[in-house]
Amino acid sequence: MTREHPHSRLQLVYNGSSEGDQPPFLSGAGQFSPHTVYCSEGVSLVYFTGEVGKFQQMEIQIGAGCYQLWVVLKGGIALHYSESDQPFELLEGRCVLVLAGEEFSAGSLPGSSVDAMLISLSPELLEKVARGIDGFQGWEKLASHQQGYQIYLETKLGEVMLQIVRNLAFNEYEGCFKRHLVEMKVLEFLLLMLMQHREQEVDVSGEPSLMDEKALQQMHRAREILLSQLANPPSLRKLALEVGTNESHLKRHFKEAFQQTVYGFVMDKRMEKALALLKDKDLKIADISEQLGYKHATHFSAAFKKYFGGHPKDYR
């Protein structure tokens with residue numbers, strides 16, 4: 001069985017019966033679980049997850065000339081293109097814009113749970129981006145030719161980019177404006193990728209980074225502290241003292257190391273943990289709220305809705 005749109009032509013191949021918009025993907029030893037499948041003219045996308053400890057794979061077909069935008073929020077995936085001897089691996093917190101053949105597969109990396117999105121883009125949609133940027137010399141100038149595929153952009157996921165993916169994955173746009181809203185979000189994401197690409201070029205050719213090896217180690221230590229104290233994270237001043245730096249350097253170097261603010265990181269990890277806890281139907285919302293450090297369940301529900309666009313009970 002397949003799902004497709006005649007323009008963006010993203011076909012997700014799977015076997016067996018299915019209900020609604022959430023079919024299982026065929027896999028040799030496990031299944032990717034799709035949570036959002038959307039198809040329209042110019043843009044088609046699928047948001048999917050996979051369990052840790054299982055090898056999972058899906059077969060994909062897209063129309064000739066369509067581009068693939070891959071985004072990995074968690075874990076890692078290996079993309080297998082028929083004309084390439086080696087898979088292309090994309091790790092957590094990265095995104096890539098690729099042009100390849102019409103048929104390929106994606107599999108999970110060993111020991112990795114997966115949280116990712118694939119967006120199929122028509123050439124016409126990419127041209128909209130090109131026309132809107134002064135001095136942009138076209139996508140072909142960015143192409144890096146590999147065996148069996150071409151990479152146009154590969155960047156880290158910034159905080160705003162992460163929010164766009166969450167909006168696409170979890171917010172159910174409805175009505176006559178749905179196609180336009182999805183397209184606008186995808187165009188915004190592509191523009192942010194181009195901006196990051198330009199910043200990376202400046203970093204390579206311009207002044208060296210202010211963050212040395214010692215500072216990088218301090219930021220990783222700060223990240224570990226935050227992960228261990230999500231329910232009651234330290235203040236910026238206290239965190240800076242714990243890792244041996246000052247508040248100003250902490251804020252600047254943390255964002256340079258992880259492409260997001262300290263606050264944004266804590267919020268991301270709290271919400272990731274919230275989704276995991278919500279799978280336990282025996283846990284009350286109040287219990288989950290308390291585990292995450294919220295004094296009142298209403299405060300947690302408000303933060304969750306602002307982040308994901310829906311009430312916690314909708315994700316059980």
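**Entry 1: helix α1**

I began with helix α1 and looked at the face turned away from its buried side, where I found the exposed residues E124 and R131. I note at the outset that the model is a predicted one. I then listed the buried residues of α1, which spans residues 123-131, and obtained L125, L126, V129 and A130. These four lie on the same side of α1, because they cover an arc of only 150° around the axis.

**Entry 2: the chain as a whole**

I next recorded the overall make-up. The chain holds nine helices and twelve strands. Of its 316 residues, 49% count as buried. I also looked up how contacts are spread along the sequence: among those with a separation of 6 or more, 67% join residues 24 or more positions apart.

**Entry 3: E183 in helix α3**

I asked myself whether E183 is buried or exposed. E183 sits in helix α3, residues 178-205. Its relative accessibility is 10%, and since the limit for buried is under 20%, E183 counts as buried. Setting aside neighbours within four places in sequence, I found E183 in contact with E41, L125 and K128. One of these partners, L125, I had already listed among the buried residues of α1. I also checked a distance to a remote part of the sequence: the C-alpha atoms of E183 and S44 are 9.6 Å apart, although 139 residues separate the two along the chain.

**Entry 4: salt bridges**

How many salt bridges does the chain have? I counted four, and I examined three of them in detail, starting with E154 and R94.

The side chains of E154 and R94 meet at 3.7 Å, N to O. This pair joins distant parts of the chain, with E154 in strand β12 (residues 149-156) and R94 in strand β8 (residues 94-100), 60 residues apart. E154 is partly exposed at a relative accessible area of 30%, and R94 is also partly exposed, at 22%.

I then turned to R221 and E224, whose side chains form a salt bridge at 3.6 Å, N to O. About one helical turn separates them, because they stand three residues apart in helix α4, residues 213-228. The general rule is that an α-helix has 3.6 residues a turn, so residues three or four places apart point the same way. R221 is partly exposed, with 41% relative accessibility; E224 is partly exposed as well, with 47%.

Helix α7 supplied a further pair, K269 and E272, with a salt bridge of 3.5 Å, N to O. K269 and E272 are likewise three residues apart, and therefore about one helical turn from each other. Here I noted a contrast in accessibility: K269 is buried at 15%, whereas E272 is partly exposed at 38%.

**Entry 5: V262 in helix α7**

I stayed with α7 and looked up V262, which belongs to this helix. V262 is buried, with a relative accessible area of 10%. Which residues does V262 touch, leaving aside its neighbours within four places in sequence? I found contacts with L226, L236, L239 and F254. For L226 I also took the C-alpha separation from V262, which is 8.6 Å across 36 residues of sequence.

**Entry 6: helix α7 against helix α9**

I closed with the packing of two helices. The axes of α7 (residues 262-278) and α9 (residues 297-308) come within 11 Å and cross at roughly 105°. That crossing angle makes α7 roughly perpendicular to α9, because angles of 65 to 115 degrees fall in that class.

I then listed the residues that meet. On the α7 side they are M267, D268, M271, A274, L275 and L278. On the α9 side they are F300, A303, F304, Y307 and F308. By class, the residues of this contact divide into ten nonpolar, no polar and one charged. The charged residue is D268 of α7.

Key
Residues are numbered from 1 along each chain as its sequence is written. This is a predicted model: local features need pLDDT of at least 70, side-chain atom pairs count only at pLDDT 80 or more; totals for chains, interfaces and linings use all residues. Side-chain values use heavy atoms; hydrogens and water are left out. Axes are lines fitted to C-alpha atoms, for helices over the stretch in contact, and angles run from 0 to 180 degrees between N-to-C directions. Angles under 35 degrees count as roughly parallel, over 145 as roughly antiparallel, 65 to 115 as roughly perpendicular and the rest as oblique. Contact means heavy atoms within 4.5 Å. Buried means under 20% relative accessible area, exposed over 50%, partly exposed in between (1.4 Å probe, protein chains only). The arc is that of the directions from the helix axis to the C-beta atoms.
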